[in-house]
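The following exercises are to be worked with the sequence and the 3D structure at hand. Each task is followed by a solution that proceeds step by step.

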Amino acid sequence: MMKYTIILLLIALPLIASYYGDNAKGIKTYEEGDYQKALDNFRSAQLSKPDSPAIRHNAALSIYRMGDYEKTIEELEKAYELATDDIEKADIQYDMGNTYFMQDSLQRSVLHYQKALEFNPKDEDAKYNLELARALIKEFSEKEQQEQQQQQQDQQQQQQEQDQEQEDQQDQQEQQDQQEQQDQEQQQDQQEQEQQQEQQQQQRETPEDMTEEEAQRLLDALQQNEDDLQKEKMQRQGGGGQHAKPW
C-alpha cells in the first residue's frame with residue numbers, strides 16, 4: 001500500500017502542577033525525536049498520575065512513533081476509557097484512526113475518524129484523513145475489480161486455449177483413424193487383387209485354357225487308351241472257353 005501523509009496529534013496539557021514535570025520532559029524529548037526517552041518520561045509521569053488520559057495518550061504516541069501499532073492501539077483504548085471530555089475523546093479516536101490507517105486497516109480507520117468527528121465536528125484534520133481513507137478504499141476496490149476482471153479474462157483465455165488444444169487433438173485423432181481405415185481398405189483391396197490374380201493363374205493352368213492342338217493330342221491319347229482296353233477285353237473273352245481242336 002502507498003503511504004500517504006496523515007496528520008498526528010500530540011496532546012500537551014498545561015503544566016499546572018509539579019507532578020506534570022515528567023510529562024513535560026516527555027513532550028520535550030518527543031519533539032526532539034527521542035521517542036524511547038519520551039516514553040520513559042511519560043511512564044514516570046503515569047506513576048504520579050495513573051488516571052491521566054493525556055499522559056497515557058502521549059505514551060501511546062511515543063509507541064506509535066517507534067512503529068509498534070498494536071501496542072499503540074492498546075494504549076489509546078485505555079486512554080479513551082479514562083477520557084471524560086469530548087475534545088479529548090475526539091483526539092484519541094483521531095489517533096486510533098491514524099494507527100489503523102498505518103496498519104492498512106482502512107475500514108477501521110474510517111470508523112474512528114467518523115467517531116472523532118462525532119465528538120468534534122470542527123476537526124478539519126479528521127475530515128481530511130477521513131476523505132483520504134475513503135478515496136483509498138475506492139481506489140483499491142476499483143483496482144481489485146480490475147484485477148479480478150483481468151484474472152477472469154486470463155482464465156477464459158486459458159480455457160479457450162485448452163479447448164482449442166483438445167479440439168486439435170481430436171481432429172488429429174480423427175485424421176489418424178481415417179488414415180488407418182484407408183490403409184486397411186487398401187490392404188484389403190490388395191489382398192483381393194492378389195487372390196484374383198492367383199485364381200486367374202490357376203484357371204490358365206486348367207484344361208479349359210489348353211490350346212486346340214494340346215486338346216487334340218489329349219483326345220488321341222484317350223482314344224488310344226480306350227482301343228487298347230477294348231482289344232484286351234476281346235482277348236480275354238476269346239480265350240475263356242474250350243480250346244479249338246487241331247486239324
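**Exercise 1. Compare the span of helix α5 with its expected span, and describe its surroundings.**

Step 1. Helix α5 covers residues 86-102, which makes 17 residues, and at 1.5 Å a residue it should span 24 Å. The expected span is 1.5 Å times one less than the number of residues. The end C-alpha atoms of α5 are 24 Å apart, in agreement with that value.

Step 2. The model is a predicted one: local features need pLDDT of at least 70, side-chain atom pairs count only at pLDDT 80 or more, and totals for chains, interfaces and linings use all residues. Residues are numbered from 1 along each chain as its sequence is written, and side-chain values use heavy atoms, with hydrogens and water left out.

Step 3. In α5, 15 of the 17 residues are buried, so the helix is largely enclosed by the rest of the structure. Buried means under 20% relative accessible area, exposed over 50%, and partly exposed in between (1.4 Å probe, protein chains only).

Step 4. Consider the two ends. At the start of α5, a side-chain oxygen of aspartate 85 comes within 3.0 Å of the backbone nitrogen of isoleucine 87. Just after α5, aspartate 104 adopts a positive phi of about 65 degrees.

**Exercise 2. State how many helices and strands the chain has, and how much of the chain is buried.**

Step 1. The chain has eight helices and zero strands. Helices (H or I, at least four residues) and strands (E, at least two) are DSSP runs, numbered from the N terminus.

Step 2. Of the 247 residues in the chain, 26% are buried. The chain exposes about 18200 Å², and carbon and sulfur atoms supply 44% of this area. Areas come from the Shrake-Rupley method with a 1.4 Å probe.

Step 3. Among contacts in the chain with a separation of 6 or more, 55% join residues 24 or more positions apart. A contact means heavy atoms within 4.5 Å.

**Exercise 3. Identify the buried residues of helix α1 and what covers them.**

Step 1. In helix α1 (residues 21-31), the buried residues are Asn23, Gly26, Ile27, Thr29 and Tyr30.

Step 2. Their cover includes α2 (35-48) and α3 (53-65). Just after α1, glycine 33 has a positive phi of about 90 degrees.

**Exercise 4. Locate the salt bridge of arginine 43 and glutamate 75, and then examine a pair within one helix.**

Step 1. Side chains of opposite charge can pair when their charged atoms come close. A salt bridge is a side-chain nitrogen of Lys or Arg within 4 Å of a carboxyl oxygen of Asp or Glu. The structure holds seven salt bridges.

Step 2. Arginine 43 and glutamate 75 meet at 3.2 Å, N to O. This pair links distant parts of the chain: arginine 43 lies in helix α2 and glutamate 75 in helix α4 (residues 69-82), 32 residues apart.

Step 3. Arginine 43 is partly exposed at 28% relative accessibility, whereas glutamate 75 is buried at 2%. A network of salt bridges links Arg43, Arg56 and Glu75.

Step 4. Glutamate 118 and lysine 115 form a salt bridge at 3.7 Å, N to O. Both lie in helix α6 (residues 106-119), three residues apart, about one turn of the helix. Glutamate 118 is exposed at 58% relative accessibility, and lysine 115 is partly exposed at 32%.

Notes: A polar contact is a pair of N or O atoms within 3.5 Å; within protein, one must be able to donate a hydrogen and the other to accept it, and residues adjacent in sequence count only if both atoms are side-chain atoms.
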